[in-house]
Amino acid sequence: MGKLNFKGSAMLNPTPVVLVTSKNKLNKLNIFTVGWLSTVCTKKPIIAMGIRPERLSYKYILESGECAVNLPTKNMVKIVDYCGVVSGKRENKLRHFKLKLNRGVSISTPSLEKSPIALECKLISNTPLGTHDLFLFEVLNTKVDKNLLDSNNKIHFEKANLICYSHGEYYSLNSKPLGYFGYSVRKNR
């Protein structure tokens, strides 16, 4: 199999795609789409996010020191796309889609009622990198819709109909797992 070389191209795909709610020091809210983020630590829980400095939410997050990371469903893909291409400087996207908000528990920034999972985050650091800055956030609280939990309180993410982003396109996630953590080394009983 032949391969082509793409010098210095960040082709880490697919990635999660999320809707981030933020607010400024005057409590003005904004929502925007982020496709460049990752879990980077479990104790304490820390996520990383790449944000362009010209984004309105960049300023809001720096001012408030917090944001809510909302995991969208496949029914929200038009909202996800719209919030990624339309600037909050030009339009109130929350009002445009009549999105209901859910009051923060550990932060003052609200999350989206429509998202089945929302991470309430406190800003730890911001590092300029080039076109984007690297934001590190500590996850202070995670809201999960009750209908995703079974009788043992196990979270069933496959019921959430989450989506991902891959090189300019959105995809729904298949609800059938290919395996589970540790299955390759599990001893047969």
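These legends accompany several close-up views of one predicted model.

**View 1. The largest nonpolar core and the elements that build it.**
The largest nonpolar core holds 23 residues, and those with the most contacts inside it are V20, M49, I61, V69, C121, F135 and F137. At least two residues of this core come from each of β2 (18-23), β3 (29-34), β5 (46-51), α1 (56-64), β6 (66-71), β9 (117-128) and β10 (133-144). The most generous of these contributors is β9, with four residues. As background for this view, nonpolar side chains in soluble globular proteins tend to be buried together. For a look from one residue outwards, centre on V69. Leaving aside neighbours within four places in sequence, V69 is in contact with V18, L19, V20, L37, I47, M49, I117, A118, L119 and C121.

**View 2. Helix α1 and its cover.**
Which residues of α1 are buried? They are L56, S57, Y58, Y60 and I61. The cover over these buried residues includes β2, β3, β5, β6, β9 and β10. Just after α1 comes G65, and the phi of G65 is positive, near 75 degrees. While you are here, keep an eye on Y58, as the next view picks up its ring.

**View 3. An aromatic pair between α1 and β10.**
A search of the whole structure finds five aromatic pairs. In the pair shown here, Y58 and F135 meet edge-to-face, with 5.3 Å from centre to centre and 80 degrees between the planes. This pair links distant parts of the chain, since Y58 sits in helix α1 and F135 in strand β10, 77 residues apart. Both partners are worth checking for accessibility. Y58 has a relative accessible area of 13%, so Y58 is buried. F135 is at 0% relative accessibility and therefore counts as buried too. Adding F137 completes the picture: Y58, F135 and F137 form one aromatic cluster.

**View 4. A tilted pair, Y165 with Y170.**
How are the rings of Y165 and Y170 arranged? They form a tilted aromatic pair, 5.5 Å centre to centre, with 55 degrees between the planes. Y165 counts as partly exposed because its relative accessibility is 24%. Y170 is likewise partly exposed, with a relative accessible area of 27%.

**View 5. The two sides of helix α2.**
Helix α2 covers residues 77-85, and its residues I79, V80 and C83 are buried. Why do these three fall on the same side of α2? They cover an arc of only 100 degrees around the axis, which puts them on the same side of the helix. On the face turned away from this buried side, α2 carries the exposed residues K78 and V85. The buried residues of α2 pack against β2, β3, α3 (93-96), β11 (163-166) and β12 (169-172).

**View 6. The largest pocket.**
The largest pocket in the model has a volume of about 690 Å³. It is lined by 27 residues, of which V34, G35, W36, H132 and Y165 are the closest to its centre. Y165 will be familiar from the tilted pair with Y170. At least two lining residues come from each of β3, β4 (37-41), β5 and α2. The element that gives the most to the lining is β5, with four residues.

**View 7. E138, a buried glutamate in β10.**
E138 is found in strand β10. With a relative accessible area of 14%, E138 falls under the 20% limit and is therefore buried. Leaving aside neighbours within four places in sequence, E138 is in contact with K44, P45, I46, E120, C121, K122 and I124. One of these contacts, C121, is also among the residues with the most contacts inside the largest nonpolar core.

**View 8. K176 and E158, towards the end of the chain.**
K176 lies in the segment after β12. Its relative accessibility of 62% is over 50%, so K176 counts as exposed. E158 is placed in the loop between β10 and β11. At 38% relative accessibility, E158 counts as partly exposed. The C-alpha atoms of E158 and K176 are separated by 7.7 Å, with their positions 18 residues apart along the chain. The C-alpha atoms of K176 and V20, 156 residues apart along the chain, are separated by 27 Å.

Definitions and conventions
Residues are numbered from 1 along each chain as its sequence is written. This is a predicted model: local features need pLDDT of at least 70, side-chain atom pairs count only at pLDDT 80 or more; totals for chains, interfaces and linings use all residues. Side-chain values use heavy atoms; hydrogens and water are left out. A nonpolar core is a set of buried Ala, Val, Leu, Ile, Met, Phe, Trp, Tyr and Cys residues joined through side-chain atoms within 4.5 Å. Buried means under 20% relative accessible area, exposed over 50%, partly exposed in between (1.4 Å probe, protein chains only). Contact means heavy atoms within 4.5 Å. Rings of Phe, Tyr and Trp (its six-membered ring) pair if their centres lie within 6.5 Å; planes under 30 degrees apart count as stacked, over 60 as edge-to-face and the rest as tilted. The arc is that of the directions from the helix axis to the C-beta atoms. On a 1 Å grid over the protein atoms alone, a cavity is a set of points where a 1.4 Å probe fits but cannot get out, and a pocket is an open set with protein on both sides within 12 Å along at least five of seven lines; lining residues have an atom within 4 Å of a point. Grid points are joined across faces, edges and corners, and a volume is the space filled by probe spheres set on the points.
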